[in-house]
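Me: I would like to learn how to read strand pairing and core packing from a model. Could we go through one case step by step?

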Amino acid sequence: MPVMPTPPDARGPAAPPPEAAGGPATRPLRIHADRATGTLAIVWADGHGTTYDAETLRRLCPCAYCRGEAGLPGWLDSNPTFGPAQVQLVDVSLVGQYAIKPTWGDGHDTGFYTFALLREACPCEVCSTRRSG
Ligand SMILES: [Zn+2]
Ligand SMILES: [Zn+2]
């Protein structure tokens, strides 16, 4: 079922920052992964709407391979150019009550994206403005 995104200006630029984990800002009401367009749309309990395109989502991957661990750089630190399979959203599954796990066309599926991360990195205009301000 398609998700109706909240217009970016629905709450105005004065929207407060997301609440701490567990608040409505990091509680998804609906999550919709569209494999055809490669987008992930989330509607949050506070009414905000977040839409990720596949490449933006892949670049956020928080797993040890992509991000590095123990002080070592990860794969994403080399600023790789993604191949088509690497930004192909194959599946998205829920991890408990706190995260989602996408599966990518190249088989990569070790990234647990917490709801807090997904909300914090929301690429919409309102959130981008808030982060840069
Ligand atoms: Zn990863
Ligand atoms: Zn946003």
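Me: How many residues lie between E4 and E5 in the hairpin, and which residue in the turn has a positive phi?

Reply: Bear in mind that this is a predicted model. The hairpin formed by E4 and E5 has three residues between its strands, and Gly96 in the turn has a positive phi of about 55°. Strand E4, residues 89-95, pairs with E5 in the antiparallel sense over six bridges, and within this pairing Ser93 stands opposite Lys101.

Me: In which sense do E5 and E6 pair?

Reply: E5 and strand E6, which covers residues 113-114, are antiparallel and share two bridges; here Ile100 stands opposite Tyr113.

Me: Which side chains of E5 are buried, and which are not?

Reply: In a regular strand the side chains alternate between the two faces of the sheet. Along E5, Ile100, Pro102 and Trp104 point to one face and are buried, whereas Ala99, Lys101 and Thr103 point to the other face and are not buried.

Me: How many residues does the largest nonpolar core have, and which have the most contacts inside it?

Reply: The largest nonpolar core has 14 residues, and those with the most contacts inside it are Leu40, Ile42, Leu57, Leu89 and Leu118. At least two residues of this core come from each of strand E2 (39-44), helix H1 (54-59), strand E5 (99-104) and helix H3 (115-120), and E2 gives the most, with three residues.

Me: With which residues is Leu57 in contact, leaving aside its neighbours within four places in sequence?

Reply: With those neighbours left aside, Leu57 is in contact with Leu40, Tyr52 and Pro102; Pro102 is one of the buried residues of E5.

How values were computed
Residues are numbered from 1 along each chain as its sequence is written. Chains are lettered from A and ligands numbered from 1 in the order in which they are written. This is a predicted model: local features need pLDDT of at least 70, side-chain atom pairs count only at pLDDT 80 or more; totals for chains, interfaces and linings use all residues. A nonpolar core is a set of buried Ala, Val, Leu, Ile, Met, Phe, Trp, Tyr and Cys residues joined through C-beta atoms within 7 Å. A residue is buried if 20 or more other C-beta atoms lie within 10 Å of its own, exposed if 12 or fewer, and partly exposed in between; C-beta atoms are placed from the backbone. Helices (H or I, at least four residues) and strands (E, at least two) are DSSP runs, numbered from the N terminus. Two residues are in contact if their C-beta atoms, placed from the backbone, lie within 7 Å. Two strands pair if DSSP finds at least two bridges between them.
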